[in-house]
Amino acid sequence: MSKYLIQVGFTAEAWAAMSREPQSVVDRVRPSAEALGGTIESLYYCFGDYDLVGVVDFPDNKGAAAWSMAVSSGGDVHAFKTTPLLTIEEGLHALGQASQVRHRHRPHTET
């Protein structure tokens, strides 16, 4: 399973509806994630550029993208950002690969 950071911005209408009938956002979105083979690791309300952040797991990018599209098309959000996450070990592996090919990359220099 791959992990993804999600950042969600709700519409004013969604906030109004949620304040009239408060319920767990996890309970609302879990079924759609599970239908695509995903799981919700954690969700947090926050303030700033986004209203909700969390970590979700999906088998692959296609499932994560489909879930993002499904949630975004529901009308409750005005922003939905998905960021693939790497474990530290995966990041170290990528750094090792980068160092192996770095010498092949020749920066463009102006003359």
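This report describes the sheet, one helix packed on it, a loop residue and the aromatic pairs of a predicted model.

**The sheet**

Four strands make up an open sheet, and their order across it is β2-β3-β1-β4. The pairing in this sheet is antiparallel. Its edges are formed by β2 and by β4 (77-85), each of which has a pairing partner on one side only. On average, neighbouring strands are turned by 20 degrees against each other, with direction ignored.

Strand β3 pairs with both β2 and β1. Strand β2 covers residues 39-45 and strand β3 covers residues 52-58; the two are antiparallel and share 6 bridges. Between β1 and β3, which also run antiparallel, there are 7 bridges. Some of the residues that face each other across these strand pairs are listed below.

| Residue | Residue opposite, in β3 |
|---|---|
| Ser2 | Phe58 |
| Ser42 | Val55 |
| Tyr44 | Val53 |

The hairpin of β2 and β3 has 6 residues between its strands. In this hairpin, Gly48 adopts a positive phi near 130 degrees.

How many of the 7 residues of β3 are buried? The count is 6, so this strand is largely enclosed by the rest of the structure.

**Helix α3**

Helix α3, residues 61-72, packs on the sheet. Its contacts there are with β1 (2-10), β2, β3 and β4. The direction of α3 makes about 170 degrees with that of β4.

The length of α3 can be checked against its residue count. With 12 residues at 1.5 Å a residue, α3 should span 16 Å, and because its end C-alpha atoms are 16 Å apart, the two values agree.

Which residues of α3 are buried? They are Gly63, Ala64, Trp67, Ser68 and Val71. Viewed down the axis of α3, these buried residues fall within an arc of 135 degrees, so they line one face of the helix. They pack against the strands β1, β2, β3 and β4, and also against helix α2 (25-35). The face of α3 turned away from the buried side carries Asn61, Lys62 and Met69, which are exposed.

**Thr11 in the loop after β1**

Thr11 sits in the loop between β1 and α1 (12-20). Is this loop residue buried or exposed? Thr11 counts as buried because its relative accessibility is 13%, and the cut-off for buried is under 20%. Leaving aside residues up to four places away in sequence, Thr11 touches Gly75, Asp76, Val77 and His78. One of these contacts, Val77, is in the residue range of the edge strand β4 (77-85).

**Aromatic pairs**

The whole structure contains 5 aromatic pairs. One of them joins Phe10 and Trp15 in an edge-to-face arrangement, with 5.3 Å from centre to centre and 80 degrees between the planes. The two partners fall into separate accessibility classes. Phe10 is buried because its relative accessibility is 6%, whereas Trp15 is partly exposed because its value is 35%.

Ring pairs also link Tyr4, Phe58, Trp67 and Phe80 into a cluster. Two members of this cluster appear above: Phe58 is the residue of β3 that Ser2 stands opposite, and Trp67 is one of the buried residues of α3. The cluster therefore includes a residue from the buried face of α3, the face whose residues fall within an arc of 135 degrees.

How values were computed
Residues numbered from 1 in each chain as written. Predicted model: local features only at pLDDT ≥ 70, side-chain atom pairs only at ≥ 80, totals over all residues. Heavy atoms only, no water. Phe/Tyr/Trp six-rings, centres within 6.5 Å; stacked < 30°, edge-to-face > 60°. Buried < 20%, exposed > 50% of the residue type's maximum accessible area, 1.4 Å probe, protein only. Pairing = 2+ DSSP bridges. Axes fitted to C-alpha atoms, helices over the stretch in contact; angles between N-to-C directions. Contact = heavy atoms within 4.5 Å. Expected span 1.5 Å × (residues − 1). Arc of directions from axis to C-beta.
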